[in-house]
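Reader: I should like to understand how the terms used for a protein model are justified. Please take me through some examples.

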Amino acid sequence: MILNDIFILMKQELMLLGIIMILLIIKVGKDWSNESLLNLINALLLINVMSGFMMPAEGFLFGDMFKTNSLITLEKNILNIGTLIISLQSYSWLKNHKHLIEFYILMLSTLLGMFYMVSSGNLLMFYLGLELSTIPLAAMANFDLEKRKSSEAALKFIISSAFSSGLLLFGISLLYGTAGTLSFTEITSHLTNTPLQIFSFVLILAGFSFKISVVPFHFWTADVYEGSPVAVTSYLSVISKGAVLFVFVSVLYTVFKPLAEVWYNMLFLLSVLTIVIGNLFALRQDNIKRFLAFSSIAQVGFILVGISGSSQMGTASVIYFVLIYIFSNLGAFGVVSLVSAIAGKENISDYRAFYKTNPFLSWVLTIALFSLAGVPPTAGFFGKFFLLIAGAEQGNYILIAIAALNMVISFYYYLRIVKSIFMDPNEHPIEKLTIPMMPKIALFICLAGIVVIGLWSSIYEYIYSLSTGF
Amino acid sequence: MNLNLLILIPFLTAMAVLFCKGLKQVRAVALLGSGLQLILALGLLYRFYDERAAGNLSQMLFEFNYHWFAPLNINYHLGVDGISVAMILLTSFVVISGVLVSWSMDTLNKEFFFLLIFLSMGAYGFFMSLDLFTMFFFLEVAVIPKFLLIGIWGSGKKEYSAMKLALMLMGGSALVFVGLIGLYFNTNIEGAHTFDLLQISKMKIPVEAQMLFFPFAFIGFGIFTALFPFHTWVPDGHSSAPTAASMFLAGISMKLGGYGCLRVATYLMPEAAHAYAGIIILLATIAIIYGAFATLMQTDLKYINAYSSISHCGFVLLGIGMLTQISITGAVMQMVSHGLMTALFFAAIGMIYSRTHTRMVAQLGGLLKVMPFISAVFVIVGLCSLGLPGLSGFVAEMTIFVGSWQNPDVLYRVATILACASIVVTAVYILRATGKTVLGPITDTHFNKLGDALWNEKLAAVILIVGIMAIGILPFWLNDLITPGSQQIILQTGQNIMLK
């Protein structure tokens, strides 16, 4: 029964669609107060997260256009959790925003697009999902309506993503021309290493690289991150990047497996470039959002190291790292968004002597930064370690040595912020912030994630066992 | 005996400290926790002898193995041999005296004791790990608390020193990391790889791989133990750190490196250890002599001890490089001895500084008249440092020299002679510093008003002096404890020079 299948296999998408519909109805109907709306939306998102874990299913729909299995369900659950955390964190910012419902409708449509993208079994479907997940993001970047920088960010984002979509589409069409099909399962058998196919692969790779801001396709990142509202920045850097990475891994290991030798060398080069450039630019930033932008570029470089490993270990370590990265980065962004929303400060120098006034927030930010830097016992240590193990499996120790030395550089800039928080004197530190309930819950979720995901090995073992799935 | 207790107790103590209110509660909990650690460590020693006496000859005792990350063959594997027991004992001695010395820590005391105890957890875990991943995990656990301890509670150019120390040690662990990954992918158990130390020691790592990864592991760990020319973090880090952190740094943290050089680099890559022995000895000799002469030029007591630590840790590396059973035993003894001694030295300097508010040798004088106890401690530790018989320094250095001489290579013997000669320099700077500060006329009239050590400081000093004396007067127990371990390492390197 096809209808039945749709309900079971697409339940996560349908849930999101349901929430979007509810929001639309509320928008048309009578006015709600912002606070009750936020409570309702967060409750709905919580239900959404929980329902994701129920009734796992496997199968294909619409002639292999749409597929799902336990790994894909897990990936969607990870994205759901991240979205919930971001929604909780942006409470203080959205509380006074006029267009709250539109914000959520846009955000959930991008999430829907990402779900389609993660589930796609066909390049056309993949492209549709990607566009659905990109275009509303530009509108979201513009959501600080009074700030010029915000519209500038939106414009930069839409131009660069249109360009990258163009590249991607060009690559896809060339691939279609040589292979005669767009289905993931069928393309693989038609790949024969002809120059045209390699060229089309390079274009597709460039398209992907834009989305996950791999050097040299990273130029939009810092400006967009700086100009957008913090909630959008964290969404861009964590959720949108994570979703594209999930697809990237599976596409590389399944569809482009015959081209493995070609992409291995490209990834080697790209990962070294990305880590080094990301690190060097992160060294001298003062705006904390720009800083996190460059540090996230460097993190993507580490992820590329992991991707260059074998399929099972590579997939497992990348998904595991993205999971950890969501919690660590959102921990940092949670503090940044509170400070930005309440105190209106976004520079690292403003954080001097932050510990004197806000010890709790300081510890959260510190632990999150340690996790990003990869210091045990936080989860980031395990994530990076496993990424590098996966990368070393091919025997490429030069890559590992470069990555390990770059970890030391990254320590410098993470520790620089820790130093500002704890050690630097400041006449006028940021005043004591009262943290509303919801951001507090989000911060505790992040802290718990940072501690538990690393030390509790079952999570990695679960992801590893699923990673054989394709 | 369950070794997990040695990780659990510090962990619980650290957590309990966070929930305390006020200095009194915090320090009481910290003291209780570190006292428990000391009791556990002594109990471990007792149980260890007991097992050995009962004829349990297995290489590692009290093993605990838990499959941590099964797909990667990563285990949480603990176990101890004599060398580990010696290092654990050292750690527990330094921890309790460190807590006692910081008894009246006034700023942010909760965080201070939390970090201190957290650091000790990393050290215990490191010394007990039999899995390279677990070992690396604990090694890095012990780095970041140092950054915060120095940066927040330190003095002088503390931020610079903290950053320098953290980056250099992190650089060291990055090198160690590459070495470990290299080892991991050169193991083979039915197609899978392993991090397990004992398993790796039983299989043959290809010589080319050893030659490639030994420098990474050895230099990486070497940075922790002030291997020349990567020693530059030592003087800055030690002198900027608050007293207890200096004690931990020199007493425990530098020993992590020595232990790692021995247990990971030398034990798992024996062929490479032989091939690189010449370079190690060269660097160690330079460190010994350079450290000694650099100390001559120092005017700040903390810098004096920091540079002399470089020199003393050079002996550890010298002992490891010589690769004879006795020299390795000596190296471990030197680690224990230097750990106790340098911790005591820093404690004494801290006590003097907290009263006189200066660490400059030139400004101090005649302290024996106003603070006899502290001055006596200062003299004892000075004598230990220059190798007076009856104290631990003599035993350890003598063992290293005897062991080194057994290595018949002429150049190595020259190195041994040079290292021996450095003791004269040591005597010069130690006698000069102690003579100037302790004896002579009182240089500053306000010194007359200063009091002697309080009970907590006395207890801290006594605990460490007991350790120093126990090694100095009765070295046999420590020797017997360590020898089976060093024998194992020499068997691994496959060449016992005694037999030649």
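**Terms and the values behind them**

Author: Please note at the outset that this model is predicted. In the loop between helix 10 (195-211) and helix 11 (219-227) of chain A lies Pro216(A), and the peptide bond leading to Pro216(A) from Val215(A) is cis, with omega near 5°. Ser213(A) lies in the loop between helix 10 and helix 11 of chain A as well, and its phi is near 45°, a positive value in a residue other than glycine.

Reader: Why is Ser213(A) called buried?

Author: A residue is buried if 20 or more other C-beta atoms lie within 10 Å of its own. Ser213(A) has 26 other C-beta atoms within 10 Å, and therefore it is buried.

Reader: What makes strand 1 and strand 2 of chain B a pair?

Author: Pairing requires at least two bridges between the strands. Strand 1 (residues 61-69) and strand 2 (residues 74-80) of chain B share 6 bridges in the antiparallel sense, so they pair. Within this arrangement, Phe64(B) stands opposite Leu78(B) of strand 2. The two strands form a hairpin with 4 residues between them.

Reader: Why does Asn73(B) count as partly exposed?

Author: The term applies between two limits: 20 or more neighbours would make a residue buried, and 12 or fewer would make it exposed. Asn73(B) has 19 C-beta neighbours inside 10 Å, so it counts as partly exposed. Asn73(B) belongs to the turn of the hairpin, and its phi is near 60°, a positive value in a residue other than glycine.

Terms used:
Residues numbered from 1 in each chain as written. Chains lettered and ligands numbered in written order. Predicted model: local features only at pLDDT ≥ 70, side-chain atom pairs only at ≥ 80, totals over all residues.
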